[in-house]
Structure formats: C-alpha cells, structure tokens
Amino acid sequence: MIFNVSQLLSDPVGSVRTYSLNIEDIALDSEIELGSGGSTTLLRTHQGILARINASVDTPASCSRCLNIYSVSLDLDIEEEFFRKSDIDENDEFDETIIDDDNILDLNEIIRQYTIAGLPMKPLCETGCMGLCYACGGNLNKVQCHCSENNIDPRWSILSHLAQD
Ligand SMILES: [Zn+2]
Ligand SMILES: [Zn+2]
C-alpha cells in the first residue's frame with residue numbers, strides 16, 4: 001500500500017483523501033494478507049499527513065500449545081502521523097512514518113507492526129487445543145499416545161512418593 005501524496009501535501013490543512021484497500025494493494029511481506037478488505041483516510045495536517053487505516057488482515061501464527069501454524073484474523077484500527085523527510089530531525093528518524101523525497105507514503109511497515117502487536121500473547125489454534133504430549137512430543141489433537149497410561153517418567157514417580165508421605 002503505497003500512495004503518492006504530493007498533491008495532498010500541497011493541499012490546505014484539513015484536506016482529506018479516502019481510499020479503499022484491495023487485496024492487490026498489499027505488498028507486505030507475503031505472510032500478511034488482507035482479509036475482508038479495508039480503507040484508509042489520509043488527512044493533511046500542519047506537519048504532515050495523518051493516516052487512519054481500518055483493515056482486517058489474516059496472518060499466520062504458531063499455536064502456543066501444539067506449535068501448529070494457523071491463520072489469525074485481526075481487525076486493525078491504526079492512526080499514525082507521517083512526516084516529510086525534509087521536515088524531521090535527522091537524528092530523530094522513525095523510518096516507518098516517513099514520507100520519502102518522492103512524496104511516497106508507504107503503509108506497509110505500519111500495518112506489519114500493528115499486525116504483530118495485535119497477535120495474542122499465547123496464540124491458540126483453537127480454545128480446546130490439547131497441545132503436545134510431554135513424553136513423546138505427539139500432537140494430542142491428532143494422535144492418541146499412551147504415555148500417560150504407562151507413565152514411567154521418574155520425575156512423576158518422585159512426586160507421587162511425596163504425595164503419599
Ligand atoms: Zn494448537
Ligand atoms: Zn505421548
């Protein structure tokens with residue numbers, strides 16, 4: 001999602017452009033895909049351009065219990081101000097919110113960052129995910145191992161002794 005904002009930058013403060021986002025617009029690292037679509041509004045501010053983005057995205061995540069990769073859908077609600085490269089302090093660079101010398105405003109990095117930040121801390125492929133067997137490593141959603149039946153892990157036998165004392 002790249003926009004040439006040279007026209008908007010020469011418009012008066014308060015000018016607005018609205019764009020709908022299409023799947024073809026996404027040039028993110030291939031992992032993130034636009035879900036049901038979205039829109040962005042670009043508002044000319046005193047110092048730059050305020051971008052508001054509403055989009056639903058699908059991104060792969062690894063289940064924290066079974067480690068399977070599955071798709072997470074997120075609704076993003078983003079508001080970030082972008083500044084012209086010439087207007088900001090060299091030492092104070094936030095690359096993802098810079099409008100480059102060709103007046104290109106690039107939303108991809110911002111969307112990527114919000115997507116990562118929006119992922120759950122402990123993603124679960126499904127609420128009842130059974131996870132992996134501690135003994136054999138099998139995915140308990142798919143295989144039924146017998147490790148818990150003939151439990152020979154010495155750590156557990158020590159615990160059962162303690163419980164008896
Ligand atoms: Zn899982
Ligand atoms: Zn097992």
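Colleague: In which sense do strand S3 (residues 33-44) and S4 pair over their 10 bridges, parallel or antiparallel?
Modeller: Happy to start there, keeping in mind that this is a predicted model. Strands of a sheet pair through backbone hydrogen bonds, and two senses are possible. For strand S3 and S4, which are joined over 10 bridges, the sense is antiparallel.

Colleague: Which residue in S4 stands opposite Leu-42?
Modeller: S4 covers residues 48-62, so the partner of Leu-42 is to be sought there. The residue in S4 opposite Leu-42 is Ala-51.

Colleague: Which strands stand at the edges of the sheet?
Modeller: The sheet is open and has 5 strands with mixed pairing, in the order S2-S3-S4-S5-S6. An edge strand has a single partner strand, so one side of it is left without a neighbour in the sheet. That holds for strand S2 (16-21) and S6.

Colleague: What angle does the direction of helix H2 make with that of S5?
Modeller: Helix H2 spans residues 108-118 and packs on the sheet. There it touches S4 and S5. With the direction of S5, the helix makes an angle of about 135°.

Colleague: Is Leu-67 buried or exposed?
Modeller: Leu-67 is in the loop between strand S4 and strand S5 (69-84). Its phi is positive, about 70°, although Leu-67 is not a glycine. A residue with 12 or fewer other C-beta atoms within 10 Å counts as exposed. Leu-67 has 12, so it is exposed.

Colleague: How many C-beta neighbours does Asn-103 have inside 10 Å?
Modeller: Asn-103 lies in the loop between strand S6 (98-99) and strand S7 (104-106). Its phi is also positive, near 65°. Asn-103 counts as partly exposed, and its number of C-beta neighbours inside 10 Å is 17.

Key: Residues are numbered from 1 along each chain as its sequence is written. Chains are lettered from A and ligands numbered from 1 in the order in which they are written. This is a predicted model: local features need pLDDT of at least 70, side-chain atom pairs count only at pLDDT 80 or more; totals for chains, interfaces and linings use all residues. Helices (H or I, at least four residues) and strands (E, at least two) are DSSP runs, numbered from the N terminus. A residue is buried if 20 or more other C-beta atoms lie within 10 Å of its own, exposed if 12 or fewer, and partly exposed in between; C-beta atoms are placed from the backbone. Two strands pair if DSSP finds at least two bridges between them. Two residues are in contact if their C-beta atoms, placed from the backbone, lie within 7 Å. Axes are lines fitted to C-alpha atoms, for helices over the stretch in contact, and angles run from 0 to 180 degrees between N-to-C directions.
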